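Visitor: I am new to this structure, and I would like to be guided through it with some care. Please show it to me before we begin.

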Amino acid sequence: MHSGNTKLMRFNKIPKTAFLLSLAFLTLLLAGCYPDHHLSTFDARGPVASEQLEVFWWILIGGFIVFVLVEAALIYAIFKFRVKNESDVPVQTHGNHTLEIIWTAIPAVLLIILMVPTIQTLFYMYEAPKTTKPEHTLEAIGHQWWFEFRYPDPTNADKEIVTANEVYIPVGYPIAINLGSVDVIHSFWVPKLAGKTDMVPSEGNFMWFEADEPGEYYGQCAEYCGTSHANMKFKVVAVPEPDFKSWLQAQSNPALESSDPLVQEGAGVFKSAGCTGCHATKTVVNKGTTGRVGPNLAHVGSRRDLAAGMLRNADENGSVNDALLQKNLRSWLENPAEIKPGNLMSSGAQVYTDPDKKLTEEQISQLVHYLSSLK
């Protein structure tokens, strides 16, 4: 008797548990779709994202219509043809041409209606507008697990300006982006500006987007690419055209050289520890030159984020906070694997793999001062 009551109690708990799980799932689903979320596609801030969002609504409405029609037919059939007693035999229908034509024609017409805006949007987003300026074309290259960006040098057509994980664009102008990858398949995705586009090794790809208003737009790799895929982030900073030109000019200049002895010592550690083998500190390179294994650090001290979006260096107003920058640099140099699991620096650099070459606290302090001075 006791065993039976126990089973009955467990059975009675099932509906309540299912309800709570369904409620939790719905809450998470709605939270993910909230427009103000950094990676929400429901808050389009550019023409490409707006066109794609409109297609989504068309498809959602079409799917909802199909769902209602199918469920209505199912409910009708359940009640219409339910068994009233064991001797009843439902009317046997062996083909109904009118009904078959209707249920074939309605979905076909609906699909044709949805096909029109879908194809229009595909053509719209396929190629950047003819009005796109040459200086508004950039290269985006995927690495495990960070993004490299290259801009045409405004003063020399044979040169490129290299930066990492932070891409600046002018507001109100279409930006053409050539996509590539040096290792595995990545995917370039800025939800509020445009849908994802794959970055395939040895296969060039392209896309374009435009920002309607200034601001920071979060980007993310959207194709699983290894251990730290979820931590492969970047940021698009949209600014007025004059500010963009000023930023690009600043990026073309060498990083400021400090005469501070601690900074000079840090520059020495940067070379002796082997950092130069993976990281460049020269921002202008010949066009088409292969980049380094790690991000370009020429102006790392002026970037709003560190470690491909894992550590925030800037205040709420977007200005880099030197104290926060130095704290983040120290945390990264002390234990990069804790901040970004699987990163190649912690598994490949001798200062992390060879106990005899481990960085001392003094060397870390010197590196922090040197890297934070690169602005």
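Guide: A salt bridge here is a side-chain nitrogen of Lys or Arg within 4 Å of a carboxyl oxygen of Asp or Glu. This is a predicted model, in which local features need pLDDT of at least 70 and side-chain atom pairs count only at pLDDT 80 or more, while totals for chains, interfaces and linings use all residues. Residues are numbered from 1 along each chain as its sequence is written, and side-chain values use heavy atoms, with hydrogens and water left out.

Visitor: How many salt bridges does the count come to by this rule?

Guide: The rule asks for a nitrogen of Lys or Arg and a carboxyl oxygen of Asp or Glu within 4 Å. One pair that meets in this way is K192 and D43, at 3.1 Å from N to O. By this rule the count of salt bridges comes to 16.

Visitor: Which residues are joined with E216 into one network by salt bridges that share partners?

Guide: The side chain of E216 meets that of R312 in a salt bridge at 3.4 Å, N to O. R312 also forms a salt bridge with D305, where the closest N and O atoms are 3.6 Å apart. Salt bridges that share partners join E216 into one network with K235, R304, D305 and R312.

Visitor: Is L138 buried or exposed?

Guide: L138 is found in strand β1, residues 137-143, where strands (E, at least two residues) and helices (H or I, at least four) are DSSP runs numbered from the N terminus. Contact means heavy atoms within 4.5 Å, and L138 touches, not counting residues up to four places away in sequence, F149, R150, Y151, V167, I175, A176, I177 and N178. Buried means under 20% relative accessible area, exposed over 50% and partly exposed in between, with a 1.4 Å probe and protein chains only. Because its relative accessible area is 3%, L138 is buried.

Visitor: Which helix supplies the largest share of the nonpolar patch?

Guide: Patches are made of residues with over 30% relative accessible area and no salt bridge, like charges being joined within 9 Å and nonpolar side chains (Val, Leu, Ile, Met, Phe, Trp, Tyr) within 5 Å. This nonpolar surface patch covers about 1000 Å², and its residues include W57, F64 and I102. At least two of its residues come from each of α2 (47-80) and α3 (97-126). The largest share, nine residues, comes from α2.

Terms used: Accessible areas come from the Shrake-Rupley method with a 1.4 Å probe; for residues, only the protein chains shown count as cover.
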